[in-house]
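Dear colleague,

Please find below the structure that I am handing over to you. A short account of what was found in it follows.

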Amino acid sequence: PLSFLYPTGWTVTATAPTDLGFYDITIKPLDKTPNFHISISNESFLGFDGLTTTPYKHQNLEGQSVNNNLIGLKSGEYYYTFDGSLNPKLLPEFLTLMNSVKFE
């Protein structure tokens, strides 16, 4: 129950659960690295342990953020971790992608 917009030329792939139990959606911006990732789990966010977070709001959802590049949102039974790679050069593209995210 997740959708988002991305520019022509970007590639999006999804994989089965990893060893940690997370589904992974990889978003590759055109000619840029590193990639963005959306990790999905029914148990927890990925990579937030020990990090300082701030509150984050998206639509009607409350979540948490690390420097606006690592964002956790819970919708329904799922935890969604949006990883913008903590690369400040990609922050504008990542925030544009985040603004398009919709949960159904």
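**Findings**

Please note that this is a predicted model. Residues 24 or more positions apart account for 42% of the contacts with a separation of 6 or more in the protein.

The protein contains nine strands and one helix. Along the sequence, their order is β-β-β-β-β-β-β-β-α-β. The C-alpha atoms occupy a box of roughly 35 × 30 × 25 Å along the principal axes. For 104 residues, a compact globule would be expected to have a radius of gyration near 13 Å, and the value for the protein, 13 Å, agrees with this.

As to the surface, 38% of the 104 residues count as buried. The protein exposes about 6300 Å², of which carbon and sulfur atoms supply 53%. There are 6 positive and 10 negative charges, and the mean positions of the two groups lie 10 Å apart.

Turning to the interior, nonpolar side chains tend to be buried together in soluble globular proteins. Here the largest nonpolar core has 19 residues, and those with the most contacts inside it are I27, I38, L73, F82 and M98. Two or more residues of this core come from each of strand 3 (23-28), strand 4 (36-41), strand 7 (70-75), strand 8 and helix 1 (91-100). Beyond its neighbours within four places in sequence, F82 is in contact with a number of residues, including L2, H37, I38, L73, F94, M98 and F103.

Strand 8 (residues 78-83) also holds Y79. Is Y79 buried or partly exposed? Y79 is partly exposed, because its relative accessible area is 21% and buried means under 20%. Not counting residues up to four places away in sequence, Y79 touches S39, I40, S41, N42, E43, S44, F45, L73 and K74. One of these, F45, is 34 residues from Y79 in sequence, yet the C-alpha atoms of the two are 5.6 Å apart.

Two residues in the loop between strand 6 (61-66) and strand 7 may also interest you. N67 is in that loop and has a phi near 55 degrees, a positive value in a residue other than glycine. N67 is exposed, with a relative accessible area of 61%. N68 lies in the loop between strand 6 and strand 7 as well, and its phi is positive at about 60 degrees although N68 is not a glycine. With a relative accessibility of 36%, N68 counts as partly exposed.

Yours sincerely

Definitions and conventions
Residues numbered from 1 in each chain as written. Predicted model: local features only at pLDDT ≥ 70, side-chain atom pairs only at ≥ 80, totals over all residues. Heavy atoms only, no water. Helix = DSSP H or I, 4+ residues; strand = E, 2+ residues; numbered from the N terminus. Rg over C-alpha atoms; globule rule 2.2 N^0.38 Å. Buried < 20%, exposed > 50% of the residue type's maximum accessible area, 1.4 Å probe, protein only. Contact = heavy atoms within 4.5 Å. Areas by Shrake-Rupley, 256 points an atom, 1.4 Å probe, with all protein chains shown as cover. Lys, Arg positive; Asp, Glu negative; His and termini not counted. Charge placed at Lys NZ, Arg CZ, Asp CG, Glu CD. Core = buried A, V, L, I, M, F, W, Y, C linked by side-chain atoms within 4.5 Å.
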